[in-house]
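Visitor: I am new to reading structures, and I would like a close look at one part of this one. Could you take me slowly through the place where the metal is held, and then show me what surrounds that part of the chain?

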Amino acid sequence: MDNIITTNYHTHTKRCMHAVGEDREYVEAAIGAGIQVLGFSDHTPYPTGTGFVSGMRMSLKEAEGYFKSITDLKEEYKKDIKIYTGVEAEYFPEHFHKLMEFMADYPLDYMIMGQHYVPDEEKGRYVGAPFRDKGMLMDYTDNVIEGMKTGRFVYVAHPDLPNYTGSDMEEALRDSFSKICMEAKRLNIPLEINMLGHMRGSVYPSDRFLKIASEYGNDVIIGMDIHNPKHFFNNKAVKECIEMAQNYGLHIVKELKLG
Ligand SMILES: [Zn+2]
Ligand SMILES: [Zn+2]
């Protein structure tokens, strides 16, 4: 079966505790769906030095097994598919340097930014759940912009994740999204249209965001955000994400230059 996109850089594994299937099943499903370039980007382990244990990412101890498994699959399937080893990571201002030190020991090909919490997971809150605290939206915006400026991220996953519901929602989100789009354009960083969010009917990917991205002329990228190998075969959702980009005249980045 031919897929209508042939690259996907947003793929999880069961180590994050909210994805299912073996690593190999993800590779075989991707090949079956016509994917030619597959990036694994599981939720990164995050060394904070506080002993905090996350419920939505692999532990520090699991990193070794993750990198080994994906590196082995990369070699084993190299005739059929190009595999990259990445992580999806937040830019936590206090801890990001510790993450980069930690990653220096592993064969990391790339990172995408998925800013799920501000200012971090332990002290902060999940921005994808409804919130009315304007300061939290401003922190999200600042964190995403600072993260992009590190030069470590190849793209921003679900930039429109914040579920801000304050009375000034329209204006506040326009301000936040405009700042993110402007900086992404300046740094030439693609912004993701997240297929999983679309499949679930989440607040993202949002028309509000894509309209602003079209005003700034941003590049977008379709990220499948796979948490189940079966999702590679959801051609309908892929097609609808492509149509969203086309409706706003947004250029879709098909392939990233990695390493
Ligand atoms: Zn996830
Ligand atoms: Zn993800």
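Guide: What follows is a walk through the metal site, then some unusual points of the backbone, and lastly one helix.

Please keep in mind that this is a predicted model. Let us begin with the zinc ion (ligand 2), whose protein donors are His 10 (NE2), His 12 (NE2), Glu 88 (OE) and Asp 225 (OD), lying 2.0 to 2.4 Å from the ion. Along the chain these donors follow the spacing H-x1-H-x75-E-x136-D. His 10 is in the loop between strand S1 (7-8) and helix H1 (23-32), while Glu 88 belongs to strand S3 (residues 82-89), so this pair ties together parts that are 78 residues apart in sequence. Both His 10 and Glu 88 are buried. The angles among the 4 donor atoms run from 79 to 165°, and the site of the zinc ion (ligand 2) is irregular. That label can be followed step by step, because four donors count as tetrahedral if all angles lie between 85 and 135 degrees, and the range here begins at 79° and ends at 165°.

The zinc ion (ligand 1) is 4.3 Å from the zinc ion (ligand 2). The protein donors of the zinc ion (ligand 1) are His 18 (NE2), His 43 (NE2) and His 227 (NE2), at 2.0 to 2.1 Å from the ion, and in sequence these residues are spaced H-x24-H-x183-H. Here too distant parts of the chain are linked, with His 18 in the loop between S1 and H1 and His 227 in the loop between S9 and H8, 209 residues apart. His 18 is partly exposed, having a relative accessible area of 36%, whereas His 227 is buried, with a relative accessible area of 8%.

Asp 225, named above as a donor of the zinc ion (ligand 2), deserves a second look for its backbone. Its phi is near 50°, a positive value in a residue other than glycine, and Asp 225 lies in the loop between strand S9 (219-223) and helix H8 (235-247). With 5% relative accessibility, Asp 225 counts as buried. His 158 also has a positive phi, of about 25°, although it is not a glycine; its place is in the loop between strand S7 (155-156) and helix H5 (169-187), and at 2% relative accessibility His 158 counts as buried.

Two peptide bonds also call for attention. A cis peptide bond joins Val 118 and Pro 119, with omega about -10°, and Pro 119 sits in the loop between strand S5 (117-118) and strand S6 (125-126). The bond from Tyr 204 to Pro 205 is cis as well, with omega near -10°, and Pro 205 is found in the loop between helix H6 (195-200) and helix H7 (207-216).

Finally, consider helix H2 (residues 63-76), whose 14 residues should span 20 Å at 1.5 Å a residue, which agrees with the 20 Å between its end C-alpha atoms. In H2, Ala 63, Tyr 66, Phe 67, Ser 69, Ile 70 and Leu 73 are buried. Seen down the axis of H2, these buried residues fall within an arc of 165°, so they line one face of the helix. An α-helix has 3.6 residues a turn, so residues three or four places apart point the same way. On the other side of H2, Glu 64 and Lys 68 are exposed. The buried residues of H2 pack against H1, strand S2 (37-43), S3 and helix H3 (96-103), and S3 is also the strand that holds Glu 88.

Terms used: Residues are numbered from 1 along each chain as its sequence is written. Chains are lettered from A and ligands numbered from 1 in the order in which they are written. This is a predicted model: local features need pLDDT of at least 70, side-chain atom pairs count only at pLDDT 80 or more; totals for chains, interfaces and linings use all residues. Side-chain values use heavy atoms; hydrogens and water are left out. Helices (H or I, at least four residues) and strands (E, at least two) are DSSP runs, numbered from the N terminus. Buried means under 20% relative accessible area, exposed over 50%, partly exposed in between (1.4 Å probe, protein chains only). Donors are N, O and S atoms within 2.8 Å of the metal (3.2 Å for Na, K and Ca); water is not among the atoms, so sites may look incomplete. Four donors count as tetrahedral if all angles lie between 85 and 135 degrees; four count as square planar and six as octahedral if opposite donors are over 155 degrees apart and all others between 65 and 115; anything else is irregular. The expected span of a helix is 1.5 Å times one less than its number of residues. The arc is that of the directions from the helix axis to the C-beta atoms. Contact means heavy atoms within 4.5 Å.
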